[in-house]
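Colleague: I should like to go through some backbone details of this model with you. Please reason each answer through to the value or name requested.

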Amino acid sequence: MRIVEILLVEAPHKPGYMAKVLGVIGEFGATVEGLNAVRRLDKDTIWEVTVEYDDSLSIDALSEQINLLPDTFITGKSDRVFDRHKQGKIQTVSRISIDSLEILRDLYTPGVARVCQAIQQTPSKIKEFTNIQNTVAIVTNGTAILGLGDIGPEAGLPVMEGKAAILAEIVGLSGVPILIKEKDPLKIIEIVEAIAPSFGAILLEDIKAPECFTIEDELISRVPKPVFHDDQHGTAMVVLAALLSATKQTGVDLKDKVFGQIGLGAAGMGICNLLLEYGVKQVVGCDLSEEAQKKLRSLGGTPMSLDQVMQTADVVVATTGVKGLIKPEMVREGQIIMALTNPDPEIEPNDALENGALFATCGKVVNNMLAFPGLFKGTLDAGVIEITHQMKIAVSETLSNLARDGALVPASLNKDAHKKVAEAVYQAAIKQKNEFL
């Protein structure tokens, strides 16, 4: 894991002194992310140096090395990541300023009773007179948090707050973290079903496979609201977008090529499922789990060994979490390879290209943040109760079309891209709604 910290370094205000500090940081194996002079003293300058380093290294050891330099020493340090998480990243605020008794009485008692009765008489009015259509439950049991594994729901809360912050900042939706201390899929289903009336949609997050498949499928059938497991489908949508861009740039028709998925966990299975729905005729995949292989077969894919996938597939995506799993000699001439494990991929893009790949990239490009905000915004605005494959494909095609200057997808913080994704999802949802009627 990469760690980012800020060091306060006091050094003489003379030529070459900060160069020596930067040299020590480089030799230590850290990367300088930022350098800023924060205060000028009589003969010295205090510098704010932002460094990124692997967690196998010790920041105290780096500090000791810097302190050995002539007239130079560390005066303080702070962890930027922890600083930005202090007191949490989200809060609930009122849309209306309560600065008079009249407003208080209208918003609360006695005025609110009339609104409650209106919703009782016409339940659909809940969408008009409450925030429910802008509210998403972000549900986890903490069994598959990022690449950290089963660390529990409480330890996963910073991730859920991060999702909520993104929804609020990017598309104006209110995300509410829901932590469930339970691993039994049936009990999780019952809990989520029971709280579903509070929300416009349900975002399932960081629930491990294979339980996540059962939980999502059953909730979709039980809850008349959009239910979406981001680990499966968020990654899948951005992968499809990246593949559409890559095949467009290389003159390849994705639907006519053999697609190979290495790793059939939540993300891998979601990718296979979406590609089959998109129209890719042949999907193969590998995983050590026999249950995962069986599920791939049920979707219409073909289980294979790792070597067989690399020998058969024209387009390969890997989501295994295993650094260096794909050996350079496994690469075939003309393959498209996306090794998506972070921070260290199954094969480095340069190694894949040097061994004959037509195109190669890694997980730094594929970020599911590009998909889920606009997907939920478009879905909730359309008022539909299910997120369909057509809506997911609309996300992928929109993201690919918005990529510029050889990029595979737009920048994650491009708000215009998120707005266009929401519009595309809305149009796809309305079209399906009208077809159903």
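Colleague: In which loop is Pro 110 found?
Modeller: The model is a predicted one. Pro 110 follows Thr 109, to which a cis peptide bond joins it. The place to look is between two helices, and Pro 110 is found in the loop between α4 (101-107) and α5 (112-121).

Colleague: What is omega for the cis peptide bond that joins Thr 109 and Pro 110?
Modeller: The bond lies at the proline in the loop between α4 and α5. Its geometry is cis, with omega about 10°.

Colleague: What is omega for the peptide bond from Ala 209 to Pro 210?
Modeller: Pro 210 is placed in the loop that runs between β7 (201-204) and α9 (211-222). The peptide bond leading from Ala 209 to Pro 210 is cis, and its omega is near 5°.

Colleague: Is Asp 71 buried or exposed?
Modeller: Asp 71 sits in the loop between α2 (59-67) and β4 (73-78). Although Asp 71 is not a glycine, its phi is positive, at about 55°. Its relative accessible area is 56%. Since exposed means over 50%, Asp 71 is classed as exposed.

Colleague: What is the relative accessible area of Asp 405?
Modeller: Asp 405 belongs to the loop between α16 (389-402) and α17 (415-436). This residue, not a glycine, has a positive phi of about 55°. Asp 405 is exposed, and its relative accessible area is 82%.

Terms used. Residues numbered from 1 in each chain as written. Predicted model: local features only at pLDDT ≥ 70, side-chain atom pairs only at ≥ 80, totals over all residues. Heavy atoms only, no water. Helix = DSSP H or I, 4+ residues; strand = E, 2+ residues; numbered from the N terminus. Buried < 20%, exposed > 50% of the residue type's maximum accessible area, 1.4 Å probe, protein only.
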